[in-house]
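Biologist: Please show me the model, and then let us go through the packing, the salt bridges and one sheet.

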Amino acid sequence: MIAPTPATDDGPALDAALLPEVAGRLADPLRRAGFTVDGLAGALGSEAGAALDRGEPEPAARAVGGQGALATLVRLFLLGESRPADDVAAAIDPVGLDEAVGSGLLHPADGGTVVAALDLRPHADEHGSWWVLSDLEVRADGPDDGKGREHVLGTGAASMSLAAATVRRPVGTLLDLGAGCGVQTLHASGHAATLTATDVSERALVLARATFALAGVDVEVLAGPWWEPVAGRRFDQVVCNPPFVPGPPEVEHVYRDAGLGGDGASALLVSTVPAYLAEDGVGQLLASWLVTRADVEAARAAGDPHDGWDARPRRWLTEAAAAAAPGGLDAWVVQRDVADPTLHVGTWLRDAGVDPASPAGRTRAARWLDFLAEHDVVGIGFGFVTLRRTGVGRDGSAVPGTVVCEDMRQAHGDPLGPEVEAWLDRVAWLRGRDLLDETLLVPPTTALERGYTAADPADPADHEEPEAPDDDAVGWRRIGGTLVRLDGPQWRHDLDELGEALLAGCRGHLPLRDLCELLALAHGRDPDELAAAALPVIRELFLHGMVVPR
């Protein structure tokens, strides 16, 4: 007789001891059935797989059919169907059906069937293949009032974006702070020798232990808020997908809300991560920041091209630099998106499974919008923060660090992790060097685009023959040039004619200082003034991988 376990508002009751033990024995039958990323790709095909990713289950149901262990597992865990208890028992053997129900993984349904009580799905990267256990997804058009307070997310978009942005260089120790069900820890298992995962939610930690047991990954799992579980320790790498969503000072959902109000969670973490990093240790986290009207106006008055979005992150980085003492700090803050308050509120209500048009949704939206209006918020930025704690020099002082805040809202298809790793390497290479003394190259991944408008028929200068066959075309007026990186983040930099000429000389033969002197001589410019103007441009191009050392 299958006896159901009591349910809570956040999902099924979980047996903290039994669920990880059951999960550890479940990996073999899942693998045997082909319930893996590769197995599903083969069984579903590209069209049905893409449809399933879009939330359209019928093509996947047709692809797997109704018989066999794989069909049972796909229909049970991915399509949300009830399946005959005997079929499920056969598919998960040697795990018993009673213990699967008792652990909180499955739940009895009508007519001798069972349903999934948790979300269980295959997950993989280039280093490993696993399964992830989390709470079932709640749709905004569902019958209930959204996710529960302790709801534990699975492989969501934010989690996957952080995984793609994480540096995968081998390290000795790694901390996944606020690990949730353990997705970041799984990805880190391919490059970190020792893994530690923490969370304030006991429910999340039960699911994380079960996820780790499924993967056969050894992880130190600790309970507690923020840094409390690892007080006094340092790590070679810290990753964190925190409850970063700016909103009122309350906790409706542990995965989303920190209870600190506004961007308090991001401020706390960015300013304190360096204190928990070993020398040359790297911290990477998702973060969000409020953009206030006062910061925007101050930036515009000062001619700041960032338009004020970086004001708050830079304040946090000042505190982070103090936390890195006696070492220094490298920091790269990348803004990937910015939303106005109305879009921000609607997006996160839907993410929590709440329809913004419902009475409950309108009440919550009003509360959030009032809070943002009270703080004069005109935008909410979102992005990645990378921090590296540098060492101490021979004289006992901190090794000088580099701090950069920049927009990366352009579309790009490559994972960001290799670019972050390359940025850290470029910053380290620059330390202690004078770029003017270096010999540089423009790599083949950098291209020059030129823009033209139609020539003015009344202007004879627009119809002069070009001086060289590869110069401007007759009948067109040159309006500018743009340097473009063809891979990675696909950076773009506008150049004037002097800039184009300087980069044309970066062929690995002469130091930058000599190129500036030759260019100044050819154009009647002062060499020192030209070098001073060129240096910050070349430095930015270097950090963006658009010029490289010989």
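The exchange below concerns a predicted model.

Biologist: Which helix gives the largest share of the largest nonpolar core?
Modeller: That core has 65 residues, and F35, F77, I92, L105, L106, L120 and L214 have the most contacts inside it. Eight of its residues come from one helix, the largest share. This helix covers residues 202-215 and is α9.

Biologist: Which residues does I92 touch, not counting those up to four places away in sequence?
Modeller: I92 is among the residues with the most contacts inside the largest core. With residues up to four places away left out, the list for I92 is L26, P29, L73, L97, A100 and L106.

Biologist: How many residues are in the other core, the one with V167 and W368?
Modeller: This core lies apart from the core around I92. Its members include V167, L349, W368 and L530. The number of residues in it is 55.

Biologist: What covers the buried residues of α13?
Modeller: Helix α13 spans residues 341-351, and its buried residues are P341, H344, V345, G346, W348 and L349. L349 also belongs to the core of 55 residues. The cover includes one helix and two strands: α14 (359-374), β13 (329-339) and β14 (377-389).

Biologist: Which residue with a positive phi follows α13?
Modeller: Helix α13 ends at residue 351. The residue in question has a phi near 80° and is G353.

Biologist: Is R75, which forms a salt bridge with E81, buried or exposed?
Modeller: The side chains of R75 and E81 meet at 2.9 Å, N to O. E81 has a relative accessibility of 23% and counts as partly exposed. Buried means under 20%. Because the relative accessible area of R75 is 13%, R75 is buried.

Biologist: And are R426 and E419 buried or exposed?
Modeller: These two side chains also form a salt bridge, at 3.0 Å from N to O. As for their accessibility, both R426 and E419 are buried.

Biologist: How many residues apart are E500 and R450?
Modeller: E500 and R450 form a salt bridge, with the closest N and O atoms 3.0 Å apart. E500 counts as buried at 10% relative accessibility, whereas R450, at 37%, counts as partly exposed. The pair links helix α16 (residues 497-504) to strand β17 (residues 446-454), distant parts of the chain, and the separation is 50 residues.

Biologist: Which residues are linked with R256 in a network of salt bridges?
Modeller: The count of salt bridges in the model comes to 34. The network that holds R256 also links E250, E252, D257, R364 and R367.

Biologist: Which strands are at the edges of the sheet that contains β18?
Modeller: The sheet is open, with antiparallel pairing and the order β17-β18-β19. Neighbouring strands are turned by 30° against each other on average, direction ignored. An edge strand here pairs on one side only, and the two that do so are β17 and β19.

Biologist: Which residue in β19 is the bridge partner of G481?
Modeller: Strand β18 (residues 476-485) runs antiparallel to β19, and four bridges join them. The two strands form a hairpin with six residues between them, and G488 in the turn has a positive phi of about 55°. L483 stands opposite H493, while the partner of G481 is L495.

Biologist: Which residues make up the uncovered face of β19?
Modeller: Strand β19 spans residues 492-495, and its covered face has H493 and L495. The uncovered face has R492 and D494.

Key
Residues numbered from 1 in each chain as written. Predicted model: local features only at pLDDT ≥ 70, side-chain atom pairs only at ≥ 80, totals over all residues. Heavy atoms only, no water. Core = buried A, V, L, I, M, F, W, Y, C linked by side-chain atoms within 4.5 Å. Buried < 20%, exposed > 50% of the residue type's maximum accessible area, 1.4 Å probe, protein only. Contact = heavy atoms within 4.5 Å. Salt bridge = Lys/Arg side-chain N within 4 Å of Asp/Glu carboxyl O. Pairing = 2+ DSSP bridges. Axes fitted to C-alpha atoms, helices over the stretch in contact; angles between N-to-C directions.
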